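Please look at the sequence and the structure below before reading on. The paragraphs after them lead through some of the features one by one.

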Amino acid sequence: MHATLRRFVAASLLCFSVCCSAEVTRQRLTAADTEPDQWLSHGRNYAEDRESPLQQIDRGNVATLGLAWSFDTSTHRGLEASPLVIDGVIYTTGSWSRVYAISAANGEQIWSYDPEVPRSWGVNACCDVVNRGVAAWGDKVYVGTLDGRLVALDRTTGAPVWQTLTIDQTRPYTITGAPRAINGKIMIGNGGAEYGVRGYISAYDADTGAQVWRFYTVPGSPALPPESAAMKMAAKTWRGDVFYQVGGGGTVWDSMAYDPVLNLLYFGVGNGSPWNRHIRSPGGGDNLFLSSIVAVNADTGEYAWHYQTTPADTWDYTATQHIILADLTIDGEQRKVLMQAPKNGFFYVLDRETGKLISAEKYTKASWASHVDLATGRPVETSNADHITKTQMTGPAPSGGHNWQPMAFNQSQALVYIPAMESIAPYSTGKDFQYSPGGHWNLGQNDNNENSATMTSIPPALMRAVMQRIMKGRLIAWDPVAQTERWRVEHPTMWNGGVLTTKTGLVFQGTGDGRLVAYDAANGEVLWQTETGTGIIAPPISFALEGTQYISVMAGWGGVVGLMLNLPQSASAGTGRLLTYRLGGTATLPTNTISRTLPEPPDQLGSDATIGHGANLYNVHCMRCHGAGLQSGGLVADLRYMSPESHKQFKNIVLGGVLSSVGMVSFADQIDANDADAIHSYIISAAHLQWQEDNAAPWWKAIKSEFYDAFAYLVVFFGFSS
Ligand code: CA
């Protein structure tokens, strides 16, 4: 062969092996289990089972795991991403939809990309400014941004290649979920159903960003003909037109899975806008496709089947929770199944070819329904379910028996590991519902809580003691064939991390109290654990590089419960980090805890009635970011710690919007100057309560702590034992 030609062929082959072998293709994604070193897509494979086939770390040696390296994002909001690992590079995301490419070998940043989401968009995010990761296809990675864009980035440089606006930015849509890449298309949905939007999922061309198809999950204007056969079917299950004004909801904000043989894309659909069914659809109806699992043709978006977990949902029981595909032997027959543990408390096993229900049993306490009727496939509601005439405590709470934190399915154990919760909450039907557009919640529940005034005098430590007894978190090993629990581990907090399992019989989970733990997949025995310095909510992943297996997890406290409840163990949450472990790792974890001292609060302002009114307004407008009882844990400004200058500027901030560039937008369209004063009074009163607690003598603190614990026990025993 001619020398020049030979060099050309050699160079081409080199280019092929270096550049082109790294392309993420349909072939690689459908055969992800043959590349155990990588983590190519959100749930590791299209079945999203989150079971690593790697063999190096096992039950015998896991106790010698140690930190290999850590990467600091220098951010203080929740981290929920599942990192991807492709040919030695980790691609992950952090708060405000930032993307990071990090060397898997040593944790050094290769590039980062900041989509510069306007901070004022944060008010549209129900559940923190989080992001659950990127998708990879070809030579690009794809991120959905909080303000509704889908952005394609060059995987080598992080440079944007294209971006597409996926939403109508006049409505409060957000994207927090990870896109999925299937057959040259990028699928993404969105969130916003607490505020009021119409849900859908779309597919975009991976090369150009052009929209290929869109599937709406709830009907559009009742005055117009339905857009598709699926919408024609759905429209028959809705009444009135309030839902269209508010949006109807049904957002596809997280889960997807894909069966390449059936070419079906499965996705989970969320709650309605507004929550309350009597307001949303007066006169009844199932309100398709709320709280449903829907299967569509991945190439065309054409409807294949649906299963509605919670017809006429009124409790925020989304079916957007993690979906796992598996082949199970049930009654002696091999079945292609789909499994989900949605918020409503039941574990579902469906036939994924037809959508037919195989079985459903409770995996946690659920008072709204007694059971699921296998003949009709419908839940049987109890007398505790409805609240049109009275407010009732019903479980699970809106945070769900299980939220977005991914489960994992271990094939040899035949067990699903669920990051589960047990909780209850008050539900009601709001009087004189008025739709409030923009960044405001529209639940259709009673906003006015007559108990607000009494609640303001409860010591913060007592509130935490009671909440910890009502809201519980645990890891459950669930047998999906027998539909029974095999083992459980109780956690100190309700809000914990997603799950990873390995073929070697391990289960990894981070906890809200700041640990990463390895369990024996067979019985839940703790085989290893380490302190992580901040509460973990993200799921761990595993990958290998040059023969060494690693476990990696995003450690950053936050998310919907992280913002609302300041749980004592994670109160001093530090900056968010990517932590990576290997056998014999010896790196030390840099400390990064925030220490805060409460400044002496200004003099009390206003009467008890004013403080109560302020508390009520705070709970409606401020609590979901600044925390219940003003205990935000420092993720978003803890208002009890306001500086004297902020106290002076209070009305300029709340009504004038002077801090909107950092996310604190004006609420002048919702409250007036008197209301702002009342909220200010409540904040000062809460600061005084905390000041007294912080400055009490140690012996008095100890006695009180015992008393609070006993009191909390009695409250729960007599108040909520059912
Ligand atoms: Ca919701």
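The text that follows turns to a metal site, then a sheet, and then the cysteines.

Keep in mind from the start that this is a predicted model. A good place to begin is the calcium ion, whose protein donors come from Glu 194, Asn 271 and Asp 316, with distances of 2.4 to 3.2 Å between these donors and the ion. Glu 194 is listed twice, each time through an OE atom, and Asp 316 is listed twice through an OD atom, while Asn 271 contributes its OD1 atom. Read along the chain, the donors follow the spacing E-x76-N-x44-D. Glu 194 and Asn 271 thereby link distant parts of the chain, since they are 77 residues apart: Glu 194 sits in the loop between β12 (185-188) and β13 (200-205), and Asn 271 in the loop between β17 (264-268) and β18 (272-273).

Are these two donor residues buried or exposed? Glu 194 has a relative accessible area of 8% and is therefore buried, and Asn 271, with a relative accessible area of 2%, is buried as well.

From the metal site we can move on to a sheet. Strands of a sheet pair through backbone hydrogen bonds, and they may do so in a parallel or an antiparallel sense. Here, five strands form an open sheet in the order β1-β33-β34-β35-β36, and the pairing is mixed. The edges of this sheet are β1 (51-52) and β36 (526-531), and because each of them has a single partner strand, one side of each is left without a neighbour in the sheet. The partner relation between β35 (residues 515-520) and β36 is antiparallel and runs over five bridges, and Arg 515 stands opposite Glu 531 in β36.

The cysteines come last. A disulfide is a covalent bond between the sulfur atoms of two cysteines. How many disulfides does the structure hold? The structure holds one, and this disulfide joins Cys 126 to Cys 127, with a distance of 2.2 Å from S to S. The torsion about their S-S bond is about -100°, so the disulfide is left-handed. Cys 127 has a relative accessible area of 25%, which means that this residue is partly exposed.

Why does Cys 622 not bond with Cys 625? The sulfur of Cys 625 is the closest cysteine sulfur to that of Cys 622, but the two are 9.2 Å apart, which is too far for a bond. Cys 625, for its part, is in no disulfide. Cys 622 counts as buried because its relative accessibility is 16%, whereas Cys 625, at 27%, counts as partly exposed.

Conventions
Residues are numbered from 1 along each chain as its sequence is written. This is a predicted model: local features need pLDDT of at least 70, side-chain atom pairs count only at pLDDT 80 or more; totals for chains, interfaces and linings use all residues. Side-chain values use heavy atoms; hydrogens and water are left out. Donors are N, O and S atoms within 2.8 Å of the metal (3.2 Å for Na, K and Ca); water is not among the atoms, so sites may look incomplete. Helices (H or I, at least four residues) and strands (E, at least two) are DSSP runs, numbered from the N terminus. Buried means under 20% relative accessible area, exposed over 50%, partly exposed in between (1.4 Å probe, protein chains only). Two strands pair if DSSP finds at least two bridges between them. A disulfide is a pair of cysteine sulfur atoms within 2.5 Å.
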